[in-house]
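Thanks for coming. I will walk through one structure this morning, going from the chain as a whole to a few helices and then to some single residues.

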Amino acid sequence: MDAATSSHVLPHVKVSSSNLCNLNRKSSLCTRSKFFTTASSHSNEGERNLDSHSRERSLLSWSSSSDDRSSSTLGGELYNPILKRNSAEKMICSAGVCTFPGSASGSASHVMEERIGVLLLNLGGPETLHDVQPFLFNLFADPDIIRLPRLFRFLQRPLAQLISVLRAPKSKEGYAAIGGGSPLRKITDDQANALKMALEVKEVHANVYVAMRYWRPFTEEAVQQARFTFTLIKRDRITRLVVLPLYPQYSISTTGSSVRVLESIFRKDASLSRLPYSIIQSWYQREGYTKSMANLIEKELQSFSNPNEVMIFFSAHGVPVSYVEDAGDPYRDQMEECIYLIMQELKSRQINNDYTLAYQSRVGPVQWLKPYTDEVLVELGRKGVKSLLAVPVSFVSEHIETLEEIDMEYKELALESGIESWGRVPALGCTSSFITDLADAVIEALPSTKAMLTSTSFSEAVDFDPAGYAIKMFFGSILAFVLLLSPKVILAFRNYML
């Protein structure tokens, strides 16, 4: 990849831990936070109250890429395999970026003088059945979702149109089954409000914005809202921005896609390119997250007559194998480490249930990460598993993959396969310990904010050829139309896509 990438590694600081009060005064969560952030694009999130009681932090590098089509946009090192935690804590590596012992600057007084902004990034979803087909088009038109060879990228939008038309009827049935639309926007707004309040409790005042990748508000629109061609940010006097993708694990197709669009907007805007910002690229390894997940699992296990006999079934959203093996996506490594950390937390509570991990939501004729959720459920039934607790580990909000795919399709399949007792852990949503930990993550990310410092001549290098674009769209549309009129081709394609 010919992207020019710059990176600055912040020092690792280890100091005494402090008590972090949960929003729910009946319980408290004391964390020694170890997490990884990469400072880049635009967001606003809270900050931890930095007083005389310090806490252990691990802050990682800021990087920016001048390649607008880079799958990474967070730097060429992003997709290196993850290394497990070093018990000696001399060096910790994650997603190819390392922290080293040292010292970091930053004080409560300095932080409190800043006007903080937090941008929550999420997938988005259709709000009505009428929105389903255009939502699917936006999804499949993303080059990070369907990765075409450079020679055939002009087919991206025509192919997205074809797939969205074919998949819309089945997808509408799914959304109709959960009430006629996705609840993701409302839940994300609730999380934004809860996060703002959690930051207020920590005496950090921040404006929290929401951006959806494939539906309203689009990432571009959310940035526009956050600035009104930069006037709103001026009005709010935002001086530091934290971008918080609501995906615990990093993937090209989730965090990577949203960040790519966001950084493109920043590079093309001279004012935004000077705004210090940071991106929390993944946070599955945070102690607050693993404890919150363990709390939910422990609670749901008690609903079974024999909790010790329940199989804990982690179901994660899948990605094509090529993302991992060819593009270096760290998603699989991060997911496996995430499950390990959650189970270690459960074992510390004397919960030693058997568990397994599978991947759901595959689509298309390519190979996806295995094992597949549906196949594993059938196999578990054959092996005599009678009680199963499904845990949607890559989702922090309820949406169609949890409410319809897991709760309806997979539950029915499990019961047909011989599993007698079924349960499902709810998504984290606005769980107080989870929201509190996100607030802590935002505060920890603030010292790593850095402006993009894009060259003023960069916009001149971004060429757009209207004639060439029109020609590509014309011939791409003709090809898509021919496919639609070819019964054999479309039938084969339809069987794969549906």
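**The chain as a whole**

Of the 498 residues in the protein chain, 56% are buried. Please keep in mind that this is a predicted model. The chain has 16 helices and 14 strands. If we take the contacts with a separation of 6 or more, residues 24 or more positions apart account for 83% of them.

**Helix H3**

Let me start the details with H3. This helix covers residues 156-177, which is 22 residues. From its first C-alpha to its last, H3 reaches 30 Å, close to the 32 Å expected at 1.5 Å a residue.

Where does H3 bend? The bend is at alanine 168 and comes to about 50 degrees. A proline, proline 169, follows within four residues. Alanine 168 is also one of the buried residues of H3. Others on that list include Leu162, Ile163, Leu166 and Arg167 before the bend, and Ser171, Gly174 and Tyr175 after it.

After the helix comes glycine 179, with a positive phi near 110 degrees.

On the other side of H3, the loop between helix H2 (132-140) and H3 holds aspartate 144. Is aspartate 144 buried or exposed? Its relative accessibility is 0%, so aspartate 144 counts as buried. Aspartate 144 also gives an example of two residues distant in sequence: isoleucine 252 is 108 residues away along the chain, yet the two C-alpha atoms are 6.5 Å apart in space.

**Two helix crossings**

Next, two pairs of helices. The first is H4, residues 184-201, with H13, residues 432-445. Their axes come within 9 Å and cross at roughly 65 degrees. That makes the two helices, H4 and H13, roughly perpendicular. On the H4 side, the contact is made by Gln191, Ala194, Leu195, Ala198 and Leu199. H13 brings Phe434, Ile435, Leu438, Ala439 and Ile443. The crossing of H4 and H13 is right-handed.

The second pair is H8, residues 287-301, with H10, residues 331-347. Here the axes come within 9 Å and the crossing angle is roughly 60 degrees. H8 and H10 are therefore oblique to each other. The contributors from H8 are Tyr289, Thr290, Lys291, Met293, Ala294 and Ile297. From H10, they are Cys338, Leu341, Ile342, Glu345 and Leu346. The crossing of H8 and H10 is right-handed.

**Backbone details in the loops**

Last, a few residues to look at in the loops. Which peptide bond is cis in the loop between strand E12 (355-360) and helix H11 (373-382)? The bond runs from lysine 370 to proline 371, and its omega is near 5 degrees. Proline 371 lies in that loop.

Serine 361 is in the loop between E12 and H11 as well. Its phi is positive, near 65 degrees, in a residue other than glycine. Serine 361 has a relative accessible area of 13% and is therefore buried.

Glutamate 203 is not a glycine either, and has a positive phi of about 60 degrees. Glutamate 203 sits in the loop between H4 and strand E8 (206-212). H4 is the helix we met in the crossing with H13.

That is the end of the tour, and I am happy to go back to any of these places on the screen.

Definitions and conventions. Residues are numbered from 1 along each chain as its sequence is written. This is a predicted model: local features need pLDDT of at least 70, side-chain atom pairs count only at pLDDT 80 or more; totals for chains, interfaces and linings use all residues. Side-chain values use heavy atoms; hydrogens and water are left out. The expected span of a helix is 1.5 Å times one less than its number of residues. The bend at a residue is the angle between axes fitted to the seven residues ending there and the seven starting there. Buried means under 20% relative accessible area, exposed over 50%, partly exposed in between (1.4 Å probe, protein chains only). Axes are lines fitted to C-alpha atoms, for helices over the stretch in contact, and angles run from 0 to 180 degrees between N-to-C directions. Angles under 35 degrees count as roughly parallel, over 145 as roughly antiparallel, 65 to 115 as roughly perpendicular and the rest as oblique. A crossing is left-handed if the near helix is turned anticlockwise from the far one by less than a right angle, and right-handed if clockwise. Contact means heavy atoms within 4.5 Å.
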